[in-house]
Amino acid sequence: MKGLKYQLKSVLRDKFCLMTFLLPILVAVALNFMGSIDLSSLGELHFGVLENDLSPQTVAWLEQYGPVTAYRTQEELVAAINEPSTNVIGVKADGNSIKTAISGDELDIFRQAAVTLPTLYEQRQNAEQAEVQVLERPDILKNFQGIFIPAVLIVAMFMGCTFNAMNIISEKEDGVAFINEILPMTPSQYIFQKVVVGFLFGSLSSIVTACICFRLSWQNFGLLLALIVLSSFVAALIGLFIGKLSEGLMIGVVYIKIVMLAFLAVPIVCALTGVNGPLAVICNIVPSHPAFDGIMALSAGSLGTATKDVGILVIHCISWSALYVLISTRHKKQATQ
């Protein structure tokens, strides 16, 4: 228990560890907040006209497509059109029609609107007779949140890996690792002492993130909790391997980045490309893939797939634990000879 207290104190003193555990929660809050933002105004047309240049009927017609701002002088209008932070389309009278002016740095959708506007104005009477069907505006972020939220949870589960790896590396650099090797401690006791803090904080961060992002039934939340706990445990174990293999801080950071990239890239690429068959089975070698797949399945209401992924993660936990105990036992025997 004294070892656990020491690990907990080191976490509370390390601002980087606290930040990494809190980061997924902040991202989850940001995703929920962004999902409620109406981004349609970013694609809205904005027109600039000269005072007393266009008829009131023409100005009213332009206001059907976007806000109209009247400028006193030609210089003010040109300055508004050339302003890089805006997409103002200048509109001036041209006999019985209109002509438009743009700066050229606008998005393609605004350039096309500027080109089409005079023709649309000339045919406005025919356009008024056309039947208009208003479609429901889709949520821009809704399609992406199905991938963003599981990815954030994977990052939260990975935090235990980062903490354990950096903790072991720092002990190597401070000489504490040599003391651990001569202590009367079995490999299982060492694993428990090193894994539990990263595992607990990673699980807690993931659970809070899941509560923010999901609204699940108790049955589904039970499966999600199993996915989180098992994934966090595997990630914490992998952190032990990274700490053991790393000779220094920079090498450890490189290993962590490589593992983190694999943890995120494999499930996201599989989700985007729709990988199935033998290749999908091979991807389950990466522990984050069944976790990601299980979270996606729970979001879609597929309990069978989520249960299968829980089973795969159980196999991962047993395999990684046995492998670490085997390596640690051999290393301790070689050190005592």
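This briefing covers strand pairing, aromatic contacts, one backbone angle, a salt bridge and a cavity. The structure is a predicted model. A search of the whole structure finds one salt bridge and one cavity of 30 Å³ or more. The count of aromatic pairs comes to four.

**Strand β1 and its partners**

- Strand β1 spans residues 46-50, and four of its five residues are buried, which leaves the strand mostly covered.
- β1 runs parallel to strand β3 (residues 88-94), and three bridges join the two.
- Within the pairing of β1 with β3, Gly 48 stands opposite Gly 90.
- β1 also pairs with strand β2 (residues 68-71), again in the parallel sense, over four bridges.
- In that second pairing, Val 49 stands opposite Ala 70 of β2.
- Between β1 and β2 the chain passes through helix α3 (residues 56-63), and this β-α-β crossover is right-handed.
- In a regular strand, side chains alternate between the two faces of the sheet.

**The loop after β1**

- Asn 52 lies in the loop between β1 and α3.
- The phi angle of Asn 52 is near 65°, a positive value in a residue other than glycine.
- Asn 52 counts as exposed because its relative accessibility is 80%, above the 50% cut-off.

**Aromatic contacts**

- A pair of aromatic rings is described by the distance of the centres and the angle of the planes.
- Among the four aromatic pairs is that of Trp 61 and Tyr 65, whose ring centres are 5.2 Å apart and whose planes meet at 65°, so the pair is edge-to-face.
- Trp 61 is buried, with a relative accessible area of 6%, whereas Tyr 65 counts as partly exposed at 34% relative accessibility.
- Trp 61 and Tyr 65 form one aromatic cluster with Tyr 121.
- Another edge-to-face pair is Phe 241 with Trp 320: the ring centres are 5.4 Å apart and the planes are at 70°.
- The pair links distant parts of the chain, since Phe 241 is in helix α10 (residues 218-245) and Trp 320 is in helix α14 (residues 303-336), 79 residues apart.
- Phe 241 counts as buried at 13% relative accessibility, while Trp 320 counts as partly exposed at 24%.

**Salt bridge**

- The one salt bridge found in the whole structure is formed by Arg 111 with Asp 108, with the closest N and O atoms 3.6 Å apart.
- Both Arg 111 and Asp 108 lie in helix α5 (residues 108-122), three residues apart, or about one turn of the helix.
- Arg 111 counts as partly exposed at 30% relative accessibility, and Asp 108 counts as partly exposed at 42%.

**Cavity**

- Rolling a probe the size of a water molecule over the atoms shows where empty space is left.
- The largest cavity has a volume of about 60 Å³.
- The lining of the largest cavity consists of Ile 154, Met 157, Phe 158, Ser 231, Val 234, Ala 235, Phe 263, Pro 287, Ser 288 and Ala 291.
- Helices α7 (142-174), α10 and α13 (288-300) are the elements that give two or more residues to this lining.
- Helix α10 therefore has a part in two of the topics above: Phe 241 of the aromatic pair with Trp 320 lies in α10, and α10 is one of the elements that line the largest cavity.

Note on methods:
Residues are numbered from 1 along each chain as its sequence is written. Side-chain values use heavy atoms; hydrogens and water are left out. Buried means under 20% relative accessible area, exposed over 50%, partly exposed in between (1.4 Å probe, protein chains only). Two strands pair if DSSP finds at least two bridges between them. A crossover is right-handed if, with the strands pointing away from the viewer, the path from the first strand over the helix to the second runs clockwise. Rings of Phe, Tyr and Trp (its six-membered ring) pair if their centres lie within 6.5 Å; planes under 30 degrees apart count as stacked, over 60 as edge-to-face and the rest as tilted. A salt bridge is a side-chain nitrogen of Lys or Arg within 4 Å of a carboxyl oxygen of Asp or Glu. On a 1 Å grid over the protein atoms alone, a cavity is a set of points where a 1.4 Å probe fits but cannot get out, and a pocket is an open set with protein on both sides within 12 Å along at least five of seven lines; lining residues have an atom within 4 Å of a point. Grid points are joined across faces, edges and corners, and a volume is the space filled by probe spheres set on the points.
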